[in-house]
Amino acid sequence: MAFFTHQIRRGFSSSIIKNGVIKNVTIIGGGQMGAGIAQVAASTGHTVTLVDTSEDILKKSRKGIEGSLKRVVKKKFADKPEAGEEFIQNVLQNVSISTDAGASVQAADLLLEAIVENLKVKQDLFGHLDELAPANTIFASNTSSLPITDIAGSTSRLDRFGGLHFFNPVPMMKLVEVVGTSTTSQETFDSLLNFSKALGKTPVSCKDTPGFIVNRLLVPYMMEALRLHERGHGSKEDIDIAMKLGAGYPMGPFELCDYVGLDTVKFIIDGWSAKDPHNPLFASSELLNKRRVLQVQVMCRG
Ligand code: CAA
């Protein structure tokens with residue numbers, strides 16, 4: 001696996017993080033979240049290296065970033081298309097792509113992981129990169145539901161490890177949850193908080209508890225919408241319309257389930273339910289188990 005091909009060079013340090021200010025960011029994972037974070041970091045003057053296992057994936061990530069930037073400049077530079085084009089080129093210049101995580105982390109002030117939600121895979125990745133990264137590089141995970149403490153446990157930098165949880169679509173969603181474990185140092189936590197602000201986001205401080213703040217509220221809400229429908233209390237369309245028009249949510253719960261991804265929602269709820277099987281908030285849904293929530297939702301937009 002390309003993440004792990006680099007030779008161990010413990011002690012080699014070229015990250016020069018000064019006063020805890022994060023400038024150089026290595027992001028592992030070129031999916032929707034990783035690419036979105038890379039875009040926002042590059043747009044706010046950070047130097048970004050986006051890492052994934054293949055050139056093909058990274059080319060797609062770059063294309064996605066370019067497409068999203070076009071949407072951003074359409075609004076931001078409505079009257080100045082040339083300035084908009086220049087902005088896009090400048091942002092893209094701030095993003096390098098690589099399949100060599102070990103090499104990419106050498107100059108990183110921050111290593112941010114946004115890969116598959118699998119504890120073992122995350123632990124292996126961080127454990128390996130802990131051997132390669134400069135001692136002062138801060139490590140963070142964008143996990144939506146796994147304990148940061150468990151991920152950090154695979155490294156020897158428990159004080160320089162935290163959570164940075166972004167929301168989809170990253171360029172539009174203003175929040176970042178900054179998660180500190182019992183061993184995250186205040187200095188690290190402040191760096192992550194200030195980095196979030198430097199991205200133009202609003203950070204909130206979270207404890208390392210399941211789902212932090214947003215998902216702990218949002219996922220049980222989506223699950224109850226599914227169970228409400230399963231109990232015959234409303235059609236999917238009506239439930240979505242009700243929450244959009246009655247509660248002012250931009251998307252109804254079914255549409256949001258689709259948007260977040262059914263596998264992701266199922267992964268989160270199954271993980272919590274395994275740890276707390278009698279909690280009714282974590283009860284399963286047949287619809288979700290069969291991954292049959294959506295499609296219909298496209299019809300009830302707007
Ligand atoms: N990049 C850049 N711009 C984007 C974009 C993207 N990826 N997605 C949307 N936009 C822009 C559009 O260009 C558009 O701009 P204008 O207003 O200038 O036209 C604007 O956002 C609105 O987009 P649309 O008209 O296409 O659609 P919309 O009005 O429905 O907004 C939305 C889209 C911002 C996604 C909105 O529906 C929304 O906020 N939905 C809720 C999303 C949400 O709850 N996300 C959190 C999910 S939970 C999570 O992520 C955590 C987890 O761990 C699971």
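The legends below accompany several close-up views of a predicted model.

**View 1. Arginine 227 and its partner in helix α8.** Let us start with arginine 227, which sits in helix α8, spanning residues 214-230. Its side chain meets that of glutamate 224 in a salt bridge, with N and O 3.0 Å apart. The two residues are 3 apart in helix α8, so about one helical turn separates them. Their surroundings can be read from the accessibilities: arginine 227 is buried, with a relative accessible area of 9%, while glutamate 224 counts as partly exposed at 33%. Beyond neighbours within four places in sequence, arginine 227 is in contact with Pro220 and with a run of residues that includes Pro280, Leu281, Phe282, Ala283, Ser284 and Ser285.

**View 2. Leucine 192 in helix α7.** Next comes leucine 192, found in helix α7 (residues 186-198). Its relative accessible area is 0%, so leucine 192 counts as buried. Take a moment to look at the residues around this side chain. Setting aside neighbours within four places in sequence, the contacts of leucine 192 are Ile22, Leu110, Ile138, Ala140, Gly162, Gly163, Leu164 and Val178. For a sense of scale, alanine 35 lies 157 residues from leucine 192 in sequence and 19 Å from it in space, C-alpha to C-alpha.

**View 3. Threonine 181 in the loop before helix α7.** Here the focus is threonine 181, in the loop that runs between β7 (175-180) and α7. This loop residue is buried, because its relative accessible area is 12% and the cut-off for buried is under 20%. A polar atom of the threonine 181 side chain lies 3.1 Å from the backbone nitrogen of threonine 183. Not counting residues up to four places away in sequence, threonine 181 touches Ile148, Thr149 and Asp208.

**View 4. Lysine 244 and glutamate 255, a bridge between two helices.** In this view, lysine 244 and glutamate 255 form a salt bridge whose closest N and O atoms are 3.9 Å apart. The pair links distant parts of the chain, 11 residues apart: lysine 244 belongs to helix α9 (residues 236-247) and glutamate 255 to helix α10 (residues 253-260). Lysine 244 counts as buried at 16% relative accessibility, and glutamate 255 counts as buried at 6%.

**View 5. The network of Glu113, Glu117 and Lys122.** Salt bridges with shared partners join Glu113, Glu117 and Lys122 into one network. Within it, glutamate 117 and lysine 122 form a salt bridge, their closest N and O atoms being 3.0 Å apart. Both of these residues, glutamate 117 and lysine 122, are buried. To put these close-ups in context, the structure holds 10 salt bridges.

Conventions
Residues are numbered from 1 along each chain as its sequence is written. This is a predicted model: local features need pLDDT of at least 70, side-chain atom pairs count only at pLDDT 80 or more; totals for chains, interfaces and linings use all residues. Side-chain values use heavy atoms; hydrogens and water are left out. Helices (H or I, at least four residues) and strands (E, at least two) are DSSP runs, numbered from the N terminus. Contact means heavy atoms within 4.5 Å. Buried means under 20% relative accessible area, exposed over 50%, partly exposed in between (1.4 Å probe, protein chains only). A polar contact is a pair of N or O atoms within 3.5 Å; within protein, one must be able to donate a hydrogen and the other to accept it, and residues adjacent in sequence count only if both atoms are side-chain atoms. A salt bridge is a side-chain nitrogen of Lys or Arg within 4 Å of a carboxyl oxygen of Asp or Glu.
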